[in-house]
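Please look over the sequence and the structure shown here before reading on. The notes below are meant to be read beside them.

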Amino acid sequence: MMTGPSDKGASLRVVDVAVEFSGLRALDGVSLTLSPGEIVGLIGPNGSGKTTLINAITGQVPLAGGQVVLGDRPLSGLAPRDIALLGLSRSFQIVRLFNNMTVIENVEAGALAHGHGLRKARAKAEALLDEFGLSARADDLGGNLSYGDKRRVEIARALASDPAFLMLDEPAAGMNEAETETLLHKLSALPASRGLGLLIIDHDMGLIMRLCDRLHVLAFGRTIAEGKAADIRKDPAVIQAYLGSEAGIGAAHA
Ligand SMILES: Nc1ncnc2c1ncn2[C@@H]1O[C@H](COP(=O)(O)OP(=O)(O)OP(=O)(O)O)[C@@H](O)[C@H]1O
């Protein structure tokens, strides 16, 4: 079993990755590097392979080609739990909380799973609940929370393991404008305060454009563009993929 996080400062590299489902190529030749301290947005139309890429990085789906490397350590073939122990944490598009556990227990679970003792896990969970404005909900059952609160608990739980890299799958989905704005500020502070690299999928282009240092764009399982948000907005291949107009990128999912 793997123990301990990888070297802080190491980059996460996705190299020429392919994933297949019953012969369908969901990802084909995708390469991406995520470094500590940066926020990369992973965007693309529905079904373009964004969630599959996170699943491939975190070991939830096997690779049909290419590799994922953390520092100089290949992750391919490792179980999701071992990849998580190396410092890769994630949230899910459909929130996965323990509905019959309290909010603080849910967040503690993230720390306990990474080998922290009870006292340290509790202290970490309390600090994270405070950071994400969830302290008043600490003793509520996970299942009784609003959708936006569930998403924030899931992010807090993912952070409880002190990850080197955090991958968030549509963290703002279902949030109202005020909740999204608060989330934006919390997320934008993470790379500097914790030195982590953040990979984020979201259909809210306002959020993505403001939050991300760089964007990586998928369509039909392939990379069609990567670069700075301002350049991506004007990229003809991206405009074509998003309903055929530049306004479409901002308006289609805003
Ligand atoms: N477990 C699976 N089994 C079979 N096909 C799958 C599986 N997971 C994903 N796919 C297919 O792979 C393709 C990419 O799906 P994926 O969910 O990664 O796209 P996405 O870009 O995240 O989409 P969305 O924006 O709608 O969440 C789709 O055609 C999808 O139907």
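What follows is a briefing on strands, the ligand shell and the domains.

This is a predicted model, in which local features need pLDDT of at least 70 and side-chain atom pairs count only at pLDDT 80 or more, while totals for chains, interfaces and linings use all residues. Residues are numbered from 1 along each chain as its sequence is written.

**Strands**
- Strand β1 (residues 12-21) runs antiparallel to strand β2 (residues 24-34), and 7 bridges join them; strands are DSSP runs of E with at least two residues, helices are runs of H or I with at least four, and both are numbered from the N terminus, and two strands pair if DSSP finds at least two bridges between them.
- Within this pairing V14 stands opposite L32 in β2, and in the hairpin, which has 2 residues between the strands, S22 takes a positive phi near 45°.
- β1 is also joined by 5 bridges to the antiparallel strand β4 (residues 65-70), where Q67 is the bridge partner of V15.

**Ligand shell**
- The residues around the ligand, meaning those whose C-beta atom, placed from the backbone, lies within 6 Å of it, include F21, A26, K50 and Q93.
- Helix α1 (residues 50-57) gives the largest share of this shell, 3 residues.

**Domains**
- The domain assignment, which is automatic or from a database, gives domain 1 (12-87 + 163-251) and domain 2 (96-162), with C-alpha centres 24 Å apart.
- 10 residues of domain 1 are in contact with 10 residues of domain 2, where contact means that the C-beta atoms, placed from the backbone, lie within 7 Å.

Note on methods
Contact = placed C-beta atoms within 7 Å.
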